[in-house]
Amino acid sequence: MDVEQWSPVFCSMVTNAQILEVLSPGEEEESYKEQKQIMSAEFVLSTPKVPAREVQFVRYSHQQMDGSWIVVDVSMDEWQKFQRRTTRSISRKRPSGCLIRDMQNGSSMVTWVENVDIQEKDKELHPKLRPFVESGFAFGARRWISTLQQEAERFIYSTGINISPTDSAISPEGRRSLAMTAKKMVISFCSDTCNSTYHHWTSSNKSRQKNIEVKTNKRRGDPGKPPGLHRTAGCTVELISSQNRVFDYLSDIQNRPQWERMSSNSLVQELARFSTGPDPRNCISVLAFSRHNEILILQECCTDATGSYVIFAPIEKAVFQSMLCGVDQDIQLMPFGFFILPNVSGSILDGTLLTMVFQLTVKNVSSKQAVQVVTQIVKDALQKIMEAVN
């Protein structure tokens, strides 16, 4: 019910969410019981090739006699005072949402339902991604419940309630500070990767590599990013390797010099690491390169059956040392990385859809040159990754 909490938890699926009006507040003070509110949001997938679904809906929370909660959404015709320009696709939510039951042992049982009418415009959706979206996997209930489970595990582990044997010796305050910064990084990256109404991606490469079509966009004044003009390049490719193989390759620090320019001809060392779930591959870590003494890499890796990501951003060594002491740092981050989705189209056996996004601040070069640089970085990295995992 609180959009300020809902959006960060589901940042890989929701963007530009807001409460337009509270129709009826909760029956009790500081309670959402029987609250109805008008909301708008864009539901997204982490690739430039799938357009956002912009929806305006009523959200209603209801507590049943047994103490369980129902939170349900249903689309509404746009109110005149909230009308916006025509969306790129026609999307309406039939009653959708979740049932939450307290299990009396500190955990909850959540049942999720997504019931959506969608009419995509043919030119908006890439043909190779159409089966993936139309199967219901891309925006379905399984991804919502999986994301909620990941966030619950992340909270338990990043606060030190659960600790993995493979974790570095980091104080609870240090874990919390690193986890907060990593979450900001992930939220920023998800926003940069999706194809929302505020991100206008254009094709940038005219090479003969038809399997690597890079798209770019131009951004300025994003909160939490260094000042100036930013150029972002993104590309989604099909791989014949399994999701697990691709994730394990990209998250293995020993493989970084094979595809990343910054770590080429450099020794990569893990300075700190702690798990964010029972799977030890889900973790937050800080990496150092022998060729770069004062710049480190903050990295978060996460994987489950519905998808994976490996996201990272440069940070200064002094900032990392202060975070280890539990000092909250309001730093500017320029994240880049990968989303890995299982290819459920059936055209490739046990394949994956790999999206890479890279960005840089335009300095001392023209905007056109910046586009060429980020496009070439993405193409080179993806070519090397495809050769390695295929």
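Biologist: How many disulfides does the count come to in this chain?

Modeller: In this predicted model the count comes to 0 disulfides, where a pair of cysteine sulfur atoms would have to lie within 2.5 Å to qualify.

Biologist: What makes Cys194 fail that rule?

Modeller: The cysteine sulfur closest to that of Cys194 belongs to Cys190 and is 8.2 Å away, and because the cut-off is 2.5 Å, this is too far for a bond. Cys302 is likewise in no disulfide, its nearest cysteine sulfur, that of Cys301, being 8.9 Å away.

Biologist: Why is Cys194 called buried, and why does Cys302 count as buried?

Modeller: The term requires under 20% relative accessible area; Cys194 has 1% and therefore counts as buried, and Cys302, with 7%, is therefore buried by this cut-off too. In the chain as a whole, buried residues make up 52% of the 390 residues.

Biologist: Which residue in the loop between β1 (14-24) and β2 (36-43) has a positive phi although it is not a glycine?

Modeller: Glu34 lies in that loop, and its phi is positive, at about 65°, although the residue is not a glycine.

Biologist: Is Glu34 buried or exposed, and how do you know?

Modeller: Glu34 has a relative accessible area of 15%, and because buried means under 20%, Glu34 is buried.

Biologist: What makes Gln104 exposed?

Modeller: Gln104, placed in the loop between β6 (96-102) and β7 (108-113), has a relative accessible area of 70%, and since the term exposed applies over 50%, Gln104 is therefore exposed. Gln104 is not a glycine either, yet it has a positive phi of about 65°.

Biologist: Why are helices α5 and α8 called oblique to each other?

Modeller: The axes of α5 (residues 243-251) and α8 (residues 367-389) come within 11 Å and cross at roughly 120°. Roughly perpendicular covers 65 to 115 degrees and roughly antiparallel begins over 145, so that a crossing at roughly 120° falls in neither class, and α5 and α8 are therefore oblique.

Biologist: What is the handedness of the crossing of α5 and α8, and which residues make the contact?

Modeller: The crossing is right-handed, and the contact is made by Arg245, Val246, Tyr249 and Leu250 on the α5 side, with Ile385, Ala388 and Val389 on the α8 side.

Biologist: How many helices and strands are there in the chain, and what share of the contacts with a separation of 6 or more comes from residues 24 or more positions apart?

Modeller: The chain has 8 helices and 17 strands, and residues 24 or more positions apart account for 60% of those contacts.

Conventions:
Residues numbered from 1 in each chain as written. Predicted model: local features only at pLDDT ≥ 70, side-chain atom pairs only at ≥ 80, totals over all residues. Heavy atoms only, no water. Helix = DSSP H or I, 4+ residues; strand = E, 2+ residues; numbered from the N terminus. Buried < 20%, exposed > 50% of the residue type's maximum accessible area, 1.4 Å probe, protein only. Contact = heavy atoms within 4.5 Å. Axes fitted to C-alpha atoms, helices over the stretch in contact; angles between N-to-C directions. Parallel < 35°, antiparallel > 145°, perpendicular 65-115°, else oblique. Left-handed = near helix turned anticlockwise from the far one by under 90°.
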